[in-house]
Amino acid sequence: MARFGDLAPLCRQVPSYTWCNLFYRQLQKSSNSTLSGFSANSATAPIGVNPECGIPLVGTSNSLTSSNSLGNIADIVVCGVSIVFVLALVLWTSKRKAAVGRSELRIFLVLYLLTLPFQLVSTGSLLEQGSTALVAVTAIHAGLVASLFWTLLANALVATQVVEDGTVSSLIPIFIFTAAFFAATTYISFDVALTITSAFVSNPPEALHSVPFFVLTSIWPLAAAFLYFVLMAYIVLGVLRERRPMLYYVAAAVCFILAQLAWFLLGKVVCRGSSAKVDGSFIATILETAAVGSLYLGWRSITEESWDDYNY
């Protein structure tokens, strides 16, 4: 029976589940015999640990494919398009110089922008499983994701006007906690993969067990997103007494939830249906980027008055 902190079920059932890259390297060192099925040969292994379906390493094939793999081509393309889209959001945010929370939102958008190229590589089946390069990309990606959700929550905290937005009292705590989340999660990720210490070695090996890593990469993002939505609902409906902006935040929440469902539930279905050419990760990326776009529209909607006053 799976315990809290076990990633084995996810690494087996969810194609292209990024964090499995770290445990693959750990198993290569501590329990190589645990790697079986598609994971047995690192030269062709897909993302995951003993996955039921997975996109093989670019240029190779497995029993599910009819030709050599192009990698996770659909998600690679979607990540590339998303990078362009988020760059535009950063530019549009920067132009709204009088808008409340501009600096804080821009930090969030830049961090999301940074996650995209790392996601492209860490889930793209472009690097050999167990390689140091893939471990490094995945570890940094994990640190960026943990930091990203802190900045999301920080945007909601700033919106309560506990501190004045765009000032030192707002930005310094955001940068400090962003750095702390990044450093802690990245270090733990490297330790999980490279077993620098024995603190994060899975016991038993096949469970892929690490409570701190699981909390920082799976529980914390969900908790931060939930708290963000609750705070923004209070601010928009309770303080500002507006309805239209709330529609954007609801849309963002719906897109985020659907993204998780696409990743965890549709992934294997799409993978098998496409003969391991694509999986649900590209759908999840589209929906996550749509959620970010909806957050921008929500912020723009609640700051329109101050922006219009500035222009006038």
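Here is a short chat about a predicted model and the labels put on its parts.

Reader: How confident is the predictor in this chain?
Author: The average pLDDT is 94, and 97% of the residues score at least 70. Residues 306-312 stay under 50, though, and the model has eight contacts beyond four places in sequence for them.

Reader: Why is His141 called buried?
Author: Buried means under 20% relative accessible area, and His141 comes in at 4%, so the label fits. His141 is part of helix α5, residues 132-159.

Reader: Which residues does His141 touch, leaving out those up to four places away in sequence?
Author: Thr18, Trp19, Thr115, Phe118, Gln119 and Ser122. A contact takes heavy atoms within 4.5 Å.

Reader: How do you describe the packing of α2 and α6?
Author: Two packed helices get an angle between their axes and a distance between the axes. For α2 (residues 20-30) and α6 (residues 168-194), that's about 35 degrees and 6 Å. On the α2 side you'll find Leu22, Phe23, Arg25, Gln26 and Lys29, which meet Ser189, Val192, Ala193 and Leu194 of α6. That contact splits into five nonpolar, two polar and two charged residues.

Reader: What makes up the lining of the largest pocket?
Author: There are 35 lining residues, with Phe149, Pro221, Phe256, Gln260 and Glu288 nearest the centre. They divide into 27 nonpolar, seven polar and one charged. Phe and Pro count as nonpolar, Glu as charged, so Phe149, Pro221 and Phe256 are nonpolar and Glu288 is charged. Helix α7 gives the largest share, nine residues, and the pocket's volume is about 900 Å³.

Notes. Residues numbered from 1 in each chain as written. Predicted model: local features only at pLDDT ≥ 70, side-chain atom pairs only at ≥ 80, totals over all residues. Heavy atoms only, no water. Helix = DSSP H or I, 4+ residues; strand = E, 2+ residues; numbered from the N terminus. Buried < 20%, exposed > 50% of the residue type's maximum accessible area, 1.4 Å probe, protein only. Axes fitted to C-alpha atoms, helices over the stretch in contact; angles between N-to-C directions. pLDDT = per-residue confidence, 0-100. 1 Å grid on protein atoms, 1.4 Å probe; cavity = no way out; pocket = protein on both sides within 12 Å on 5 of 7 lines; lining within 4 Å. Points joined across faces, edges and corners; volume = space filled by probe spheres on them.
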